[in-house]
Amino acid sequence: MNLPNSITMSRIVMIPLLLWILSPHFPWQSGAEQELLASILFVLASITDGVDGYLARKRGQITTMGMLLDPLADKIMVTAALIALVAYEPQVVKVWIAVIIIGREFLISGLRSIAASEGFTIQASDLGKLKTVIQIVAVVSAILAHHWFQWDLWLITIPVRWTAVTAIYFCAAVSIISAVDYFIGFWKQIDRASRDRRSSFVLSRRKGAGTQGAN
């Protein structure tokens with residue numbers, strides 16, 4: 001249990017706390033405390049997602065436990081936040097959008113497991129990284145949209161609800177596109193691995209036939 005893994009574990013601990021804050025059982029619901037606390041907590045959890053990986057690489061503390069927990073914590077955090085927001089802010093986070101985004105996460109996890117069993121990895125694309133950033137914006141703005149329609153800051157007006165709706169739809173679109181992109185990369189790797197196995201099998205048959213003929 002090194003420092004990067006401890007940070008990853010802290011992100012997992014934040015998940016039930018986030019669900020409690022967004023639930024009807026949260027005691028301070030009269031003002032904006034509920035929305036602000038949930039937004040801050042989700043942003044902190046998202047920051048730890050980058051910090052633990054950076055520290056693990058810098059300190060040479062990449063472990064099997066960390067490789068297992070880090071993506072698992074990400075998936076649980078996103079899934080929990082979206083399911084909570086379907087009930088908390090249903091006008092912004094529709095059920096079908098949550099199904100698309102969560103389904104994409106499960107699909108990519110399954111493909112990664114198959115890729116690992118085949119002995120290769122598929123690097124995260126720029127689309128996947130963009131999806132992560134949009135996901136954070138979508139979740140935070142959706143939480144804030146529960147209390148604010150817009151922010152009037154001096155000469156600037158920030159449309160909170162419009163930002164939330166736009167970000168959540170954009171996140172669903174990027175999730176689909178990045179999943180297709182990931183699947184294409186996965187298929188190419190599988191196809192290459194299959195060709196290599198067939199070539200090795202044919203070569204070994206030829207060598208075996210040559211050896212028998214020499215005998």
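This is a walk through the model, one selection at a time.

**Before you click**

You're looking at a predicted model, where local features need pLDDT of at least 70, side-chain atom pairs count only at pLDDT 80 or more, and totals for chains, interfaces and linings use all residues. Residues are numbered from 1 along each chain as its sequence is written, and side-chain values use heavy atoms, with hydrogens and water left out.

**Stop 1: the whole chain**

Switch to cartoon and colour by secondary structure. You should find six helices and two strands, with helices being DSSP runs of H or I of at least four residues, strands runs of E of at least two, both numbered from the N terminus. Going along the sequence, the order is α-α-α-α-α-β-β-α.

How much of the chain is buried? Of its 215 residues, 38% count as buried; that label means under 20% relative accessible area, while exposed means over 50% and partly exposed is in between (1.4 Å probe, protein chains only). Turn on the surface and you have about 12,700 Å² on show, 69% of it supplied by carbon and sulfur atoms. Those areas come from the Shrake-Rupley method with a 1.4 Å probe, and for residues only the protein chains shown count as cover. As for contacts (heavy atoms within 4.5 Å), residues 24 or more positions apart account for 75% of those with a separation of 6 or more.

**Stop 2: helix H1**

Select residues 3-21, which are helix H1. Try a distance between the end C-alpha atoms: they are 27 Å apart, which agrees with the 27 Å that 19 residues should span at 1.5 Å a residue. (The expected span is 1.5 Å times one less than the number of residues.) Now show the buried side of H1: Pro4, Asn5, Ile7, Thr8, Arg11, Met14, Ile15, Leu18 and Ile21. The cover over these residues includes H2 and H3.

**Stop 3: Arg11 and its partners**

Stay on H1 and zoom in on Arg11, which is buried at 0% relative accessibility. Its side chain meets that of Asp70 in a salt bridge, 2.7 Å from N to O. The term covers a side-chain nitrogen of Lys or Arg within 4 Å of a carboxyl oxygen of Asp or Glu. Arg11 sits in helix H1 and Asp70 in helix H3, so this pair ties together parts 59 residues apart in sequence. Asp70 is partly exposed, at 21%. Add Asp49, Asp52 and Asp74 to the selection and you have a network of salt bridges that includes Arg11 and Asp70.

**Stop 4: two more salt bridges**

The whole structure has eight salt bridges. Next, pick Glu105 and Lys131, whose side chains meet at 2.8 Å, N to O. Glu105 is in helix H4 and Lys131 in helix H5, so the pair ties together parts 26 residues apart in sequence. Glu105 is buried at 5%, and Lys131 is buried at 5%.

Then go to Arg161 and Glu89, which meet at 3.1 Å, N to O. Arg161 belongs to helix H6 and Glu89 to the loop between H3 and H4, 72 residues apart. Arg161 is partly exposed at 22%, whereas Glu89 is buried at 5%.

**Stop 5: the strand by Trp151**

Select Trp151, found in strand S1 (residues 151-153). Its C-alpha is 9.7 Å from that of Arg161, 10 residues along in sequence. Leaving out residues up to four places away in sequence, Trp151 touches Leu144, Ile156, Thr157, Ile158 and Val160. Trp151 is partly exposed, at 27%.

**Stop 6: the nonpolar cores**

Which residues have the most contacts inside the largest nonpolar core? Select Leu82, Val93 and Ile168, in a core of 39 residues. (A nonpolar core is a set of buried Ala, Val, Leu, Ile, Met, Phe, Trp, Tyr and Cys residues joined through side-chain atoms within 4.5 Å.) The elements giving two or more residues to this core are H1, H2, H3, H4, H5 and H6. Apart from it lies another core, of six residues, including Ile108, Leu111, Tyr182 and Ile190.

Centre on Leu82: beyond four places in sequence, Leu82 touches Val93, Ala98, Ile101, Ile102, Val139 and Ile168.

**Stop 7: out to the surface**

Finish with Leu36, Ile40, Val43, Leu44, Ile47 and Val51, which make a nonpolar surface patch of about 470 Å². Patch residues have over 30% relative accessible area and no salt bridge, with like charges joined within 9 Å and nonpolar side chains (Val, Leu, Ile, Met, Phe, Trp, Tyr) within 5 Å. Leu44, one of the six patch residues listed, is in helix H2 and is partly exposed, at 43%.
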